[in-house]
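Hi everyone, thanks for making time for this. I'd like to walk you through one protein model today, starting with a couple of residues and then stepping back to the domains. Here it is on the screen.

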Amino acid sequence: MIKQWLQRNLKGDAVLWGIVLMFSLISMAVVYSATGTLAYKQKDGNTEYFLFKHSSLIFIGLAFMWLAHKIDYRYYSRLSLVALILSVPLLLYTFFFGSNINEASRWITIPVINQTFQPSDLAKLALISYLASMLSKKQNSFDDWKRNLLPIFAWTGFICALIALTNTSTAVLLFLTSLLLMFIGRVPMKSLAVFVIAGAMLGGIGLAAGQRLGTAISRVEAFFDESETAFQLEQSYIAIATGGVVGKGPGNSDQRDILPHPYSDFIYAIILEEYGLLGGALVLFLYLALLYRGLVTVTKSNGAFGGLLAAGLSFSLVLQGMINMGVAVGLGPITGLPLPLLSMGGTSLIFTGISIGIILSVSRTVKGEESFSSTAKVTANA
């Protein structure tokens with residue numbers, strides 16, 4: 001009976017559903033451990049406060065994922081430009097009037113519910129969907145540079161520049177994802193070279209005019225300075241070294257009380273401390289498995305739009321995960337990127353859920369589990 005209910009309500013790639021479930025369980029366990037002391041100090045001894053809050057956000061993210069996977073993925077082609085246009089005033093409002101946390105205005109506080117919302121997450125999803133839609137329509141017409149490539153390059157550079165005003169790492173990640181998506185979408189190499197140069201210039205302007213130029217420079221300099229290790233990295237190294245092969249066990253982290261942001265930016269260090277090299281390898285394997293299932297969806301996709309959309313979203317999530325894990329082990333400059341599906345954070349969990357839901361929506365048509373209405377077709381052969 002349970003199997004029939006699952007088959008009826010959870011469509012698409014079953015393996016991908018299982019991967020997300022495993023991530024969710026790991027996330028609840030690690031966030032509970034990483035926030036125990038913080039909750040005790042801030043919430044009058046209620047050590048379960050952040051566990052319940054984070055778990056509720058995970059279920060909300062799963063609900064959004066379920067809703068997104070029930071919608072014909074071709075509808076997202078229509079919505080992408082609307083969402084992209086909407087993200088522009090939201091990003092500008094965030095820069096001028098957003099809630100300032102850690103010397104950056106990346107959040108908008110939503111009235112009544114008093115929860116923060118990060119517009120860059122909306123912009124990232126909207127831009128990837130827009131690029132997939134535009135590239136799928138113009139597969140054989142890239143020679144007309146002004147008409148077909150200029151709008152794609154302009155939107156990408158403009159959105160990345162706006163994000164760079166307050167969030168350098170997210171802007172760089174989105175730029176790299178867009179570049180990869182254009183390469184997959186058969187944009188000529190000469191045009192990609194122009195895009196890289198123009199994008200670097202626009203990004204530089206956004207960074208110079210924004211709030212994070214000094215922070216970005218100092219973090220890059222600190223990464224290449226071998227004479228001194230940044231405090232965050234030093235504590236991360238201690239967590240990793242003391243975790244060993246099998247770890248200290250769930251809830252036994254010592255560095256969670258010292259390491260800044262152990263529940264978000266450096267959650268991978270806590271995983272390595274409590275679950276050891278084996279736990280860290282499991283998380284890495286899950287991200288690679290997520291990428292693999294995304295690429296399986298791409299190769300079996302019925303149209304260019306579905307394939308490009310699944311590819312862009314899969315690469316975006318996994319690339320962000322790799323960057324976060326790389327920072328924790330000292331392979332890159334410190335960033336503020338959360339670990340997708342694992343770090344604590346409402347907006348990130350919701351938009352990650354939507355992204356995976358869209359990939360599942362594409363895989364539904366691949367598996368032929370449900371035929372979407374012909375009225376849902378939105379772009380020519382998209």
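Let's begin with T37, which has a relative accessible area of 24%. Buried means under 20% and exposed means over 50%, so T37 counts as partly exposed. Please keep in mind that this is a predicted model.

Where does T37 sit? You'll find T37 in helix α2, which covers residues 14-42. If we set aside the neighbours within four places in sequence, T37 is in contact with R256 and D257. And here is a distance you can try on your own screen: from T37 to S191, C-alpha to C-alpha, the model gives 52 Å in space, with their positions 154 residues apart in sequence.

Now look at T35, which is also found in helix α2. Is T35 buried or exposed? Its relative accessibility is 0%, and because buried means under 20%, T35 counts as buried. The side chain of T35 has a polar atom 2.6 Å from the backbone oxygen of V31. Not counting residues up to four places away in sequence, T35 touches F50, Y263 and M344.

Okay, let's zoom out to the domains. The domain assignment splits the protein into domain 1, made of 1-70 + 239-373, and domain 2, which is 73-228. Notice that domain 1 is written as two stretches of sequence. In their contact, 34 residues come from domain 1 and 33 residues from domain 2. The C-alpha centres of the two domains are 22 Å apart.

How can we put a number on an interface like this? People often give its size as the accessible area lost when the parts come together. For domain 1 and domain 2, the buried area is about 2800 Å², and 73% of it is on carbon and sulfur atoms. On the domain 1 side, F305, L308 and F351 lose the most area to domain 2, together 25% of what that side buries.

What about polar links across the interface? There are zero salt bridges between domain 1 and domain 2, but the rule does find five residue pairs in polar contact.

Which helices supply the domain 1 side? At least two residues each come from α3 (49-70), α12 (304-328) and α13 (346-367). Of the contributors, α12 gives the most, with 13 residues. By type, the residues on that side of domain 1 divide into 19 nonpolar, 14 polar and one charged.

That's my tour, and I'm happy to take questions!

Key. Residues numbered from 1 in each chain as written. Predicted model: local features only at pLDDT ≥ 70, side-chain atom pairs only at ≥ 80, totals over all residues. Heavy atoms only, no water. Domains from an automatic or database assignment. Contact = heavy atoms within 4.5 Å. Buried area = accessible area lost by both parts, 1.4 Å probe. Salt bridge = Lys/Arg side-chain N within 4 Å of Asp/Glu carboxyl O. Polar contact = N/O pair within 3.5 Å; in protein donor to acceptor, adjacent residues only side chain to side chain. Helix = DSSP H or I, 4+ residues; strand = E, 2+ residues; numbered from the N terminus. Nonpolar A, V, L, I, M, F, W, Y, C, P; charged D, E, K, R; others polar. Buried < 20%, exposed > 50% of the residue type's maximum accessible area, 1.4 Å probe, protein only.
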